[in-house]
Amino acid sequence: MQAALLSVLEKWVSFLLARLPGAIAFFVGGWIAMKIIIAIVNKAMEVAKTEPTIASLFRAVISVAGWILILAGTLKALGLNELALAVSGSIAAISLGLATGVSGTTSDILAGIFLATDPDFKVGYKVTAGGVKGVIKSLDLRKTRIIGEDGKLYVIPNRAVESATWVVEERTK
């Protein structure tokens, strides 16, 4: 029995070692390709003067998709096709589950995208939003930060701002 176990183990090791250089090459090549793609996207976003929030979200989506493809390709290069398929499917299922489970966060992110692209809601503008009158300090994917007239920093979920009426009191450049 021990001889049979050693034989199986030896076959597995030789099987993986034969494919390891290709898998490493695929992984490194994918990593380099990701760096190049992200650099191109960064430059394109800079030239297009894309809002930083939108650019950050787009880079994150590209990175996640790229790493899923790199992981699946590396596993396939190792001859683990079923595992590559299972990993890809599992990641997709987990992503779907997370998106469903965090609908408040998803709403904040979508509202953040809408607010970031709205010409009437920019950093430095004096607004009344979410029951607060003040100057927009920052806007990210999930929260809007407003320095109120009382000097306090108010952190408001983007969905609360986007779903209500806001008033632009003063525009600054």
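The expected span of a helix is taken as 1.5 Å times one less than its number of residues, and helices (H or I, at least four residues) and strands (E, at least two) are DSSP runs that are numbered from the N terminus. The model treated here is predicted, so that local features need pLDDT of at least 70 and side-chain atom pairs count only at pLDDT 80 or more, while totals for chains, interfaces and linings use all residues. Residues are numbered from 1 along each chain as its sequence is written, and side-chain values use heavy atoms, with hydrogens and water left out.

**Exercise 1.** Describe the order of helices and strands along the chain.

*Solution.* Begin by counting the elements: the chain has five helices and five strands. Then read from the N terminus, where the order is α-α-α-α-β-β-β-β-α-β.

**Exercise 2.** Compare the span of helix 1 with the expected span, and locate its kink.

*Solution.* Helix 1 covers residues 2-47, which is 46 residues, and the expected span at 1.5 Å a residue is 68 Å. From first C-alpha to last, helix 1 reaches 64 Å, which is close to that expectation. Next, look for a bend, which is the angle between axes fitted to the seven residues ending at a residue and the seven starting there. A kink of about 40° lies at Leu20, shortly before the proline Pro21. After helix 1 comes Lys49, whose phi is positive, near 55°.

**Exercise 3.** Decide whether Thr74 is buried or exposed, and list its contacts.

*Solution.* First place the residue: Thr74 belongs to helix 2, residues 52-77. Buried means under 20% relative accessible area, exposed over 50%, and partly exposed in between (1.4 Å probe, protein chains only). Thr74 has 12% relative accessibility and therefore counts as buried. Contact means heavy atoms within 4.5 Å; when neighbours within four places in sequence are left aside, Thr74 is in contact with Ala23, Phe26 and Phe27. Ala23 is itself among the buried residues of helix 1, which also include Gly30, Met34 and Ile38.

**Exercise 4.** Work out how the five strands are arranged in the sheet.

*Solution.* Two strands pair if DSSP finds at least two bridges between them. The five strands form an open sheet in the order 4-3-2-1-5, with antiparallel pairing. Strand 4 (153-157) and strand 5 (167-170) are the edge strands, each pairing on one side only. Finally, examine one pair: three bridges join strand 1 (residues 126-129) to strand 5, and Lys126 stands opposite Glu170 in strand 5.
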